[in-house]
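Here is a set of questions and answers that sets computed values against the terms used to describe a structure. Please look at the sequence and the model first, and then follow each step of the reasoning.

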Amino acid sequence: MKFTWFNLMPWPYLPDDFREKNRSVWVDIDQNLFDPAKSHQVYNTYMDLLEYADTLGFDGVGVNEHHQNGYGIMPSPNLIAAGLARRTKNAAIVVLGNSIALYNPPVRVAEEFAMLDCISGGRLVAGFPVGTSMDTNYCYGQIPALTREKYAEAHDLIIKAWTTREPFAFNGRYNKLRHVNIWPRPIQQPHPPVHIPGGGSVETYDFCIDNTYSYSYLSFTGYIRAKALLQGYWDRVAERNAPDASPYRAGFAQTICVAETDEEAERLYSQHLNYFYNRCLHVYPGFADAPGYRTIKTIQTGALSQYAPPKGFGELTWKDLTEGGHVIAGSPETVRQRMEELIKGLNVGHIFCLMHVGDMPADKCMYSSRLFAEKVMPKLRGLLPATEGDERFWCHPLETRATPGSLPAEYARKAEHV
Amino acid sequence: MSFASKNLATRQAEVRYLEGGSGEPLVYLHGAGGMTAEDPILAALAERWHVYAPFLPGYGETEECGSLRDMLDFALHTADVVEGLGLKDPVLVGHSMGGMIAAEMAALAPNDVSRLALIAPAGLWLDDHPIPDMFSLMPYEMPGYLFHDPEAGAKLMTASLTLDDPEFLKTYLIRNARQMGMAGKILFPIPERGLAQRLYRIKARTVILWGESDRLIPPVYGPAFAAGIAGARLVTIPEAGHMVIAEKPAEVAAAVASLHQALTLLPLDGEGGSRSETDGVVRRAPPVPR
């Protein structure tokens, strides 16, 4: 099992009446709700928490990319990852990921990921999402029906840039480059492991299967609702005669909150879950899926619940969230049981643990993360014995890595006194 | 008037088109919302012309076309359709997105298009008058932008529509994804692809029509188009929105007919404005210096 500690980086100061007064947390969110001075503390606390997760023994620390979004103030995950590459020691740096259709040219991603891999000593896990329609189409203006073609070309260019040892010309439809010759290149060979976040597109299933990439389903609605989607993936893995159905071919994001007892968990975390699920996820449905963004094949096979007409503002309660599986919360034993259901039920080897939720303060987040790391994680590690040692989907760091901040002490001291 | 549904093949795609009426040939290019054989504008045009109305690939229950990606592809594809229909210099009429394509065709091949009618065309962008983001509108928000009378318009749009029925929803979503997915290639996220710098090439006698209460592409775009096309006349139709083709089809057809009388109605040495045979106001745009 690989557990990645994940922080979406939500803005923690959305007002109580946010939903009533605003149509969307994403794309056209009110500028006045962001306070740059307050963000100074928020960013630093969030980065501290990611670093803390490394000390707890999580296998990875995870960041992602969203734009113009009140629950994810991380338009450039690579900036955060660069900080983590320096300030963490062992955890994989899981960048899940860069929306590669948005970088012009996508060589930029090949370069920045290479830098992250080099700085971290080979700890990068690289994610290549197509990107949500909100980010890709509505914020970044990509033409929906051409997004996938552009994405596919960006992917081919990045992999070629990573693996080709001489300058080459790339005559793409969207990228015309005469001299591709990235410098630096990644430590990991032939290239860092690739994870592809997806939302149920058949094309994305196939893309992962064909390239031996891990498919990750990053939902907020929990493992019970994810069953059908991941079953679709595993069915596809079988249909396409993939050589194996290793659980590391898949990952899943799950909100997790741990306390000493179930009662304590509700008392400590309920308000923050409420903030996230009832406030942060308020997205105007017109931004959910620009026509042409999803393929016809996917719409024909896909779930349609997100297109039902809005039914007003429901309040998801603690009971709804925990019983519905959106959230796995409670005592270490409760969480262990439900995590076991998740892992076995979905057959996933990668868990992206959403341990920071909504406007959760640092102390509660640390408490929950520590309990998970100490009392839950060890008991889940042996759950998938058959695929122990499947390292195709995880990073391979250098044995000996640099220690940041280790300039010659003598000169450093001199500098201080000059 | 009944329209026959026929097919032809171009290099790029299988194309379905509707054909009906008699008279001089006229090619009608539909807007992003699509077209059906029952559309009143087709019947109105068919009273005077032999109408050919091709569906853009992805529309009219046809497959979308991956090899049509940009404005040039769309304009040349449509020119191929005209060629495939065996027509030479038909009256070219386009509504909204269709108007954008028609204007591009007339600018690309100015000697092939001598009569052009642009009905609330897309294709220009004025910073002071942004066009709403139609791609992010929910179906229930559309009538307010499309119709002079949103309530009546909503009834036109939602007849027998039940958004709760999953099967209906799927059909609707697939149609919408096909149609608007294709339209998005020239309209998303801003419906402008450089037409402004090519308008001067148009040699066609041109009439530009606008519904006075168009809230999708506001009527202020009318003078902007007229200013770019030498000798173009602007006809504004009252009590009509962007879907002027549904709300005032007879008036639209009459304004298109004025193309045939343009020389007598509007002496080229120009006396400013005039009135058309419709109730709409007709203004003559100042010629653009070349």
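Q: How are helix α2 (residues 36–56) of chain A and helix α13 (residues 362–380) of chain A placed relative to each other?
A: In this predicted model, α2(A) and α13(A) pack with their axes 10 Å apart and at an angle of about 20°. Two packed helices are described by just such a pair of values, the angle between the axes and the distance between the axes.

Q: Why are α2(A) and α13(A) called roughly parallel?
A: The angle is about 20°, and angles under 35 degrees count as roughly parallel; α2(A) and α13(A) are therefore roughly parallel to each other. The crossing in which α2(A) passes α13(A) is right-handed.

Q: Which residues meet where α2(A) packs on α13(A)?
A: From α2(A) come A:T45, A:L49, A:Y52, A:A53 and A:L56, and these meet A:A362, A:C365, A:M366, A:S369, A:R370 and A:A373 in α13(A). Sorted by class, this contact has eight nonpolar, two polar and one charged residues.

Q: What makes strand β1 (residues 4–9) of chain B and strand β2 (residues 14–20) of chain B a pair?
A: Two strands pair if at least two bridges are found between them, and six bridges join β1(B) to β2(B), so the condition is met. The two strands run antiparallel, and they form a hairpin with four residues between them. As one example of a bridge, B:A4 has B:E19 in β2(B) as its partner.

Q: How do you know that β2(B) also pairs with strand β4 (residues 49–54) of chain B?
A: Four bridges join β2(B) to β4(B), and because at least two are needed, these strands count as a pair as well. They run antiparallel, and the bridge partner of B:L18 in β4(B) is B:A53.

Q: How many helices and strands does chain B have, and what share of its residues counts as buried?
A: Chain B has nine helices and 10 strands, and of its 290 residues 49% count as buried, a word that requires 20 or more other C-beta atoms within 10 Å of a residue's own.

Q: Which elements give two or more residues to the side of chain A that touches chain B?
A: The contact takes 20 residues from chain A and 22 residues from chain B, and the elements of chain A that give two or more residues to its side are α6 (144–163) and α10 (296–301). By class, that side of chain A has 15 nonpolar, four polar and one charged residues.

Terms used: Residues numbered from 1 in each chain as written. Chains lettered and ligands numbered in written order. Predicted model: local features only at pLDDT ≥ 70, side-chain atom pairs only at ≥ 80, totals over all residues. Contact = placed C-beta atoms within 7 Å. Nonpolar A, V, L, I, M, F, W, Y, C, P; charged D, E, K, R; others polar. Buried ≥ 20, exposed ≤ 12 C-beta atoms within 10 Å, placed from the backbone. Axes fitted to C-alpha atoms, helices over the stretch in contact; angles between N-to-C directions. Parallel < 35°, antiparallel > 145°, perpendicular 65-115°, else oblique. Left-handed = near helix turned anticlockwise from the far one by under 90°.
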